[in-house]
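Dear colleague,

I am handing over the structure below, and after it you will find an account of what was found. Please read the two side by side.

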Amino acid sequence: MDTLRPIAQQFAKTITHISPMGNGLINDTFLVTAASSRFVLQRINSKVFPEPRQIMDNLMVLNQHVKQKQNTAVKLQIPELLKTIDQQNFYQDEFGDYWRALGYIEKTESLETIGNLNQAAQAGYALGHFHQLLSDLKPSLLHDTLPGFHITPDYFARYEKIVAELPPQGASENQYCSQFIEKFQPKVGVLETAKQQGLLLLRVIHGDPKLNNFLFDLHGEKIISIIDLDTVKPGLIHYDIGDCLRSCCHNVVSNEFDLDSCAALLTAYLSETRLFFSAEDYEYLYAAIYLIPFELGLRFYTDYLEGNSYFKVTYPKQNLQRAEEQFRLCESILGQETGIRSLIEAASKPR
Ligand code: GN1
Ligand code: MG
């Protein structure tokens, strides 16, 4: 932690404590206690984000947009970008790494699994509210901080290229993954094709609204904040809906997709977004639900085949295991198509 002190001191003179925070797979995150407050210090992974400065620019645009609405009931706190003592938006260290500081939202906790249906509804409501708050922010005002993010056909093309260069994989877990990918192939373009046909529109998205990016109050009852805003950028809100559902409705023991949490989440989500949702937005909800777990599985599996250079791992086969979990979840979703489609229909009706 000693090497971090001079970096933290760029943002506040007196630092009393620094500790690692969260379990993100990309950036390095620390909680810093300074003389008068606590803040979050992050090193942005510049192997992943090609232009780290754009992340800070986007966060400023987002904060400004939400601030303007403060009178009209904003129900989510958005972390604020803190300046360095020299009034800069970030600090670049001697290795060229980018560091930024964010306000820490006190008296909150993040959850790794959903404990009850109210928590699922809270996640849906919070994501819907976030999309509603940003529905009048022009996507073109934001940089694309991570080109290619959530473009499933591009991940697929990369996977095929890697596989063509590798010797055939023998292990059975690999076979399960490669066979699942092959079977799924006809569906990889479902959202991108709808986007190209103008059926789904580019909007401002979060990019990574998985369960642990929502901060609940300490009773686990109400969501106070949405964090991890590095991938806020133009995209399809369907990527977000799929990502939120895959993380909230995933039974991590059985890898089954839980229909009750999905119904609670979607109903609450649509209570916030109904006003701007189009017929096509409804139509592609089921595709979003099966595509995003597949895509994440494909990303984990490709990274495993490439030597784990993107997602952090603590053991060599971790990304393979993560991939298999996502594919099994996707399988469970595909097996429950009728049930999911009927709950989408029920959730679509105004109450
Ligand atoms: C990465 O670092 P973290 O955990 O916030 C990834 C997401 C994945 C997630 C899976 C920029 O997010 O897309 O869903 O891991 N973020 C990026 O845990 O690739
Ligand atoms: Mg993230």
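**Strands, metal site, cysteines and a pocket**

Strands β7 and β9 run antiparallel and are joined by two bridges, and within this pairing Glu109 stands opposite Phe216 in β9. Please keep in mind throughout that this is a predicted model. The two strands belong to an open sheet of three strands, in the order β7-β9-β10, with antiparallel pairing. Its edge strands are β7 (108–109) and β10, each of which pairs on one side only.

A second group of pairings is gathered around strand β6, which covers residues 98–103 and is mostly covered, since five of its six residues are buried. Strand β3 (residues 38–44) runs antiparallel to β6 and is joined to it by six bridges, with Arg43 standing opposite Trp99 in β6. Strand β4 (residues 81–82) is also antiparallel to β6, with two bridges between them, and here Leu81 has Leu102 in β6 as its bridge partner. Strand β5 (residues 91–92) likewise pairs with β6 in the antiparallel sense over two bridges, and Tyr91 stands opposite Trp99 in β6. Trp99 thus appears in a pairing with Arg43 and in another with Tyr91. The connection between β5 and β6 is a hairpin with five residues between the strands, and in its turn Gly96 has a positive phi of about 90°.

Next comes the metal site. The magnesium ion (ligand 2) is coordinated by Asp208 and Asp228, in both cases through OD, at 1.9 Å. Asp208 lies in the loop between β8 (203–205) and β9 (214–217), whereas Asp228 lies in the loop between β10 (223–226) and β11 (233–235), so the pair ties together parts that are 20 residues apart in sequence. As for accessibility, Asp208 counts as buried because its relative accessibility is 17%, under the cut-off of 20%, while Asp228, at 25%, counts as partly exposed.

How many disulfides does the count come to? The count comes to zero, and one pair of cysteines shows the reasoning: the sulfur of Cys244 has its closest cysteine sulfur in Cys248, at 4.2 Å, which is too far for a bond because a disulfide requires the two sulfur atoms to be within 2.5 Å. Cys248 is accordingly in no disulfide, the nearest cysteine sulfur being that of Cys244. Both residues are covered in the model, for Cys244 counts as buried at 0% relative accessibility, and Cys248 is buried with a relative accessible area of 4%.

Finally, there is the second largest pocket, with a volume of about 460 Å³. It is lined by 17 residues, and those closest to its centre are Tyr155, Arg158, Arg299, Glu306 and Tyr310. The elements that give two or more residues to this lining are α4 (152–165) and α10 (285–306), and α10 contributes the largest share, five residues. Sorted by class, the lining of this pocket holds eight nonpolar, three polar and six charged residues.

With best wishes

Notes
Residues numbered from 1 in each chain as written. Chains lettered and ligands numbered in written order. Predicted model: local features only at pLDDT ≥ 70, side-chain atom pairs only at ≥ 80, totals over all residues. Heavy atoms only, no water. Donors = N, O, S within 2.8 Å, 3.2 Å for Na, K, Ca; no water. Helix = DSSP H or I, 4+ residues; strand = E, 2+ residues; numbered from the N terminus. Buried < 20%, exposed > 50% of the residue type's maximum accessible area, 1.4 Å probe, protein only. 1 Å grid on protein atoms, 1.4 Å probe; cavity = no way out; pocket = protein on both sides within 12 Å on 5 of 7 lines; lining within 4 Å. Points joined across faces, edges and corners; volume = space filled by probe spheres on them. Nonpolar A, V, L, I, M, F, W, Y, C, P; charged D, E, K, R; others polar. Pairing = 2+ DSSP bridges.
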